[in-house]
Amino acid sequence: MVLPLVPLPSSITESTGALSLTPATRIIVEQGADAAASVLADGIAERTGLHPAIAVDAARPGDIVVRRTARQSEQYTLRVGETAQLEGDEAGLFYAVQTLRQLLVTDGEAWVLPHAEIDDAPRFAYRGVMLDVARTFFDVDTVKAFIDRASSLKFNRLHLHLTDDQGWRLQIDSRPLLAERSSTTAALGRQGGYYTKDDFREIVRYAAAHHMVVVPEIDLPGHTHAIGLAYPEIVEEPVMNDGLLAQAEALSQPLPVAGEPYLGWGVGHSSVKIHDDATWEFLRDALTELAELTPGPYLHVGGDECLGTAQADFGAFIERVTALTIELGKTPIAWHEAGAAEVAEGTIGQYWGSTTPSGAHADHARRFAERGGSVIMSPSNTAYLDQKYDADFPLGLDWAALIDLQTAYEWEPTAIVDGLPAEAILGVEGPLWSETIETLNDIDQLIFPRVAAIAEVAWSPAETREWASFRERVGVLGAAWEAAGWAGHRPAEIVWSSR
Ligand code: TNX
């Protein structure tokens with residue numbers, strides 16, 4: 001049977017035989033590998049029901065040895081023979097553990113690890129998933145569940161889309177009305193909510209324990225209608241656009257009205273007042289508190305879909321907000337439209353155009369590299385986790401594409417924007433927008449199995465990626481997801497094995 005490893009490691013050498021797990025199996029910890037040992041013990045217990053003891057001792061045949069070494073970060077090796085040996089730095093060991101969990105197979109009676117030698121390291125430094133907690137608010141436990149899923153596939157960035165027209169989801173002490181008023185609703189009249197600062201710290205802590213860095217986004221200057229429920233003086237009157245009007249009519253959704261909660265999901269109608277001092281006092285306060293709460297290096301400042309804003313005003317805003325972010329000690333990230341402006345040096349762009357760029361999208365993406373920054377690739381017709389698999393799929397939108405698993409898999413991040421040097425591609429992210437989803441089960445339906453495809457694009461060497469191989473591996477890995485309670489979609493593209 002094929003080894004169900006996703007993302008595919010850089011190098012695998014299989015040999016015959018297998019190490020059997022028994023109640024006597026121990027985890028031997030060497031050189032401060034305690035964290036990885038306990039993650040491994042939990043993972044084995046969850047999958048097999050066995051509870052290996054953790055010990056500091058000489059290894060005996062059948063033991064699993066976890067050894068921390070000063071390898072390059074995120075690299076690891078895994079050797080399964082008479083014993084199993086895991087080596088890496090802290091992040092590398094965490095990934096070695098994820099690989100070992102995927103290797104666990106049952107022959108009907110016992111749980112075994114097939115003999116193999118694996119050497120592995122990621123292709124891209126930034127391997128992200130995004131969760132939109134603005135259109136639907138997801139509580140801390142759901143965010144943790146999302147982290148469990150993503151980290152098992154070696155994603156290392158959790159982008160939280162914390163604010164949008166429908167709601168503001170983070171407590172800001174200097175602007176208490178955001179939590180009190182701007183957070184109370186969500187799209188389609190769903191219940192709102194927000195994270196207290198302690199909630200947010202808990203998400204950051206849990207993410208870090210899973211080697212994921214939180215990338216918080218305050219979407220600006222558009223997608224800001226909700227701010228106007230609390231601080232109307234800094235938000236412009238809504239400006240309608242044809243797309244919004246047509247969509248509102250087709251879906252019988254309300255239009256945005258200043259000062260009232262916006263329950264539709266049309267875009268492009270809102271903006272903060274770009275030239276007012278009060279706006280910048282607000283932004284300085286909010287972004288300062290966010291920067292203090294965020295140990296990671298990035299703040300995402302949005303920049304998408306400002307359809308009612310004059311280009312010169314948009315440019316002035318982006319220039320100033322990216323400079324402010326740097327002043328606060330963080331690296332700004334912005335959606336690719338911001339590349340039309342003089343972004344601060346080092347700003348990272350997030351490309352969400354098509355795999356065949358239209359209009360000025362490619363120019364915008366290149367601009368980040370020209371200004372000493374880099375680009376995260378999230379092409380909406382392959383990497384968007386919120387798009388439907390097929391026309392009949394009950395969840396998801398379809399404006400970018402219908403994205404089946406093969407489409408989510410077969411794209412190459414370096415082949416999209418001509419003239420963007422490969423070194424300027426920081427990585428890959430799969431965004432999950434939440435207009436049409438409400439529950440963890442809905443999340444699972446949209447992300448599994450496609451999030452595995454994005455994981456492999458982000459992690460595995462380009463020359464080893466092959467749909468036929470991925471298809472087979474996912475078909476076997478599905479059983480492990482099911483055992484974990486991750487009830488994803490089961491498209492007919494895959495032959496799903498039952499074990
Ligand atoms: C476009 S992608 C948006 C979001 C929507 C999403 C739905 C991007 C930067 N903006 O506001 O939620 O489409 O697919």
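Is asparagine 381 buried or exposed? Keep that in mind as you go round this predicted model. The tour ends at that residue.

**Stop 1: the ligand**

Select the ligand and the residues around it. There are 14 of them, and Arg135, Tyr384, Asp386, Trp399 and Glu435 come nearest. Colour the shell by residue class. You should find seven nonpolar, two polar and five charged residues.

Now turn to the oxygen atoms of the ligand. Show the side chain of arginine 135: one of its N or O atoms is 2.7 Å from a ligand oxygen. Add glutamate 305, where a polar side-chain atom lies 3.2 Å from an oxygen of the ligand. Then add glutamine 387, with a side-chain N or O atom 3.4 Å from a ligand oxygen. Switch on the surface. On its own the ligand has 370 Å² of accessible area, and the protein covers 98% of that.

**Stop 2: strand S18**

Select residues 425-432, which form strand S18. Eight of its eight residues are buried, so the strand is largely enclosed by the rest of the structure.

Next, bring up strand S9, residues 126-132. S9 and S18 run parallel, joined by six bridges. To see one pairing, pick valine 129; its bridge partner in S18 is glycine 430.

Then select strand S17, residues 375-377. S17 also runs parallel to S18, with three bridges between them. Here, methionine 377 has valine 428 of S18 as its bridge partner.

**Stop 3: helix H3**

Select residues 140-152 to show helix H3, and pick serine 152 within it. This serine has a relative accessible area of 9%, so it is buried. Follow its side chain to the backbone oxygen of arginine 149, at 2.8 Å. Beyond its neighbours within four places in sequence, serine 152 is in contact with Gln98, Gln102 and Trp486. Display those three side by side with the serine.

**Stop 4: asparagine 381**

Go back to S17 and move into the loop between that strand and helix H11 (405-409); asparagine 381 lies there. Here is the reply to the opening question. Asparagine 381 is buried, because its relative accessibility is 16% and the cut-off for buried is under 20%.

What does its side chain join in a polar contact of 2.8 Å? Show threonine 355: the contact is with the side chain of that residue. Finally, select the surroundings of asparagine 381. Setting aside neighbours within four places in sequence, its contacts are Gly353, Ser354, Thr355, Ala400, Ala401, Ile403 and Thr407.

Definitions and conventions: Residues numbered from 1 in each chain as written. Predicted model: local features only at pLDDT ≥ 70, side-chain atom pairs only at ≥ 80, totals over all residues. Heavy atoms only, no water. Near = heavy atom within 4 Å. Polar contact = N/O pair within 3.5 Å; in protein donor to acceptor, adjacent residues only side chain to side chain. Areas by Shrake-Rupley, 256 points an atom, 1.4 Å probe, with all protein chains shown as cover. Nonpolar A, V, L, I, M, F, W, Y, C, P; charged D, E, K, R; others polar. Buried < 20%, exposed > 50% of the residue type's maximum accessible area, 1.4 Å probe, protein only. Helix = DSSP H or I, 4+ residues; strand = E, 2+ residues; numbered from the N terminus. Pairing = 2+ DSSP bridges. Contact = heavy atoms within 4.5 Å.
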